[in-house]
Amino acid sequence: MLLLLAAACVVAFVLLLYMVSPLISPKPLKLPGAHVVVTGGSSGIGKCVAIECYKQGAFITLIARNESKLLQTKKEIEKYSVNDKQVVLCISVDVSKDYGHVESVLKQAQEKLGPVDMLINCAGTSTTGKFEDLEVSCFERLMAVNYLGSVYASHAVIATMKERRMGRIVFVSSQAGQVGLFGYTAYSPTKFALRGLAEALQMEVKPYNIYVTVAYPPDTDTPGFAEEIKTKPLETKLISEASSVCQAEQVARVIVKDAIQGNFNSFMGSDGYMLSVLTSGMSPVTAITEGLQQVVCMGIFRIIGLFYLGSFDSIVRRCMIQREKSESTDKTK
């Protein structure tokens with residue numbers, strides 16, 4: 001009898017949370033007519049995000065370094081227009097180099113298309129390799145592009161968003177920004193850094209009705225990923241085999257949907273959900289039910305995660321032994 005009463009109380013509590021949850025969730029951002037800025041928008045996830053927003057009636061500013069790629073992408077995006085008023089503006093600039101320049105071009109974009117309603121920081125690059133094999137300059141370059149590039153663009157638009165009491169800022173991190181893996185000593189810290197920036201920034205801007213989203217896409221079929229595969233150590237390749245490669249269009253739809261809703265965490269698939277719960281820590285939630293799920297699932301997901309980590313350690317150990325045997329054989333020849 002007591003067990004049934006306890007179960008009934010739990011069910012009633014969960015139903016209450018579902019009823020109260022929409023009252024504390026942010027109001028969805030309307031994309032028709034909105035000005036969306038996408039850095040790293042000439043290819044990969046950035047390009048697909050821009051297309052997805054354009055399909056929903058947004059005005060787009062694309063920012064990337066390669067001007068010819070930008071113009072080509074502009075033509076592709078314009079095929080998806082839903083009305084003849086939509087505009088795709090292209091700006092060629094390296095968002096990691098000079099904050100003054102980034103601020104200037106974003107000011108020009110807002111003069112042409114209006115205040116930025118949503119900024120999606122997709123500009124990024126990756127280099128894999130063992131820690132001691134990577135040049136120090138590689139660590140500096142990745143931090144500049146993956147982290148400071150997002151800082152510069154966000155800093156340039158945040159004041160206007162606060163004045164208008166509305167906005168969305170998206171940081172595209174990675175599952176390698178949730179768990180450090182072999183071969184990603186230069187890349188992972190830059191993506192982890194975005195999480196810290198997002199949490200601190202969200203606390204500052206939430207009273208102004210501005211919501212921050214951190215996206216954690218898995219391995220995604222993009223030109224950048226194709227280049228990354230060429231330099232992956234064997235251990236990294238074997239570990240990566242545990243997860244499937246997603247399509248950029250699929251990832252973009254999830255990111256845009258979560259950004260519109262104001263969700264802090266954006267993830268894909270069962271592995272993504274598990275990592276989101278495991279790494280939730282003190283991250284904000286946009287629904288009480290989200291927090292409840294994290295509380296309930298944390299323990300079991302930690303157990304599953306330990307099995308994953310044990311598997312990864314085993315792979316690294318086997319590769320080390322195999323490499324040492326190979327080196328020993330070569331020396332005896």
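1. Two strands are taken as paired if DSSP finds at least two bridges between them. In this predicted model, strand E1 (residues 35-39) and strand E4 (residues 118-121) run parallel and are joined by 4 bridges, and within this pairing Val38 of the one stands opposite Ile120 in E4.

2. The wider arrangement is an open sheet of 7 strands with parallel pairing, in the order E3-E2-E1-E4-E5-E6-E9. Because strand E3 (88-92) and strand E9 (265-266) stand at the edges with a single partner strand each, one side of each is left without a neighbour in the sheet.

3. On the side of packing, the largest nonpolar core has 34 residues, and those with the most contacts inside it are Leu31, Val36, Cys53, Ile60 and Ile120. Two or more residues of this core come from each of the strands E1, E2 (59-64), E4 and E5 (167-172), and likewise from each of the helices H2 (44-55), H3 (67-78) and H9 (248-261).

4. Apart from this core lies another, of 32 residues, which has Leu89, Ala123, Val212 and Val214 among its members.

5. Ile60 deserves a separate entry: leaving aside residues up to four places away in sequence, Ile60 touches Val36, Ala50, Cys53, Tyr54, Val87, Val88, Leu89 and Leu113. Of these partners, Val36 and Cys53 are, with Ile60, among the residues with the most contacts inside the largest core, whereas Leu89 is listed in the other core.

6. As for annotation, an unreviewed UniProt entry assigns "domain: Ketoreductase" to residues 34-219. In the model that span is 46% helix and 17% strand, and its end C-alpha atoms lie 30 Å apart.

Conventions. Residues are numbered from 1 along each chain as its sequence is written. This is a predicted model: local features need pLDDT of at least 70, side-chain atom pairs count only at pLDDT 80 or more; totals for chains, interfaces and linings use all residues. Side-chain values use heavy atoms; hydrogens and water are left out. UniProt positions are given in the numbering used here, feature names are shortened, and annotations may be inferred rather than shown by experiment. A nonpolar core is a set of buried Ala, Val, Leu, Ile, Met, Phe, Trp, Tyr and Cys residues joined through side-chain atoms within 4.5 Å. Buried means under 20% relative accessible area, exposed over 50%, partly exposed in between (1.4 Å probe, protein chains only). Contact means heavy atoms within 4.5 Å.
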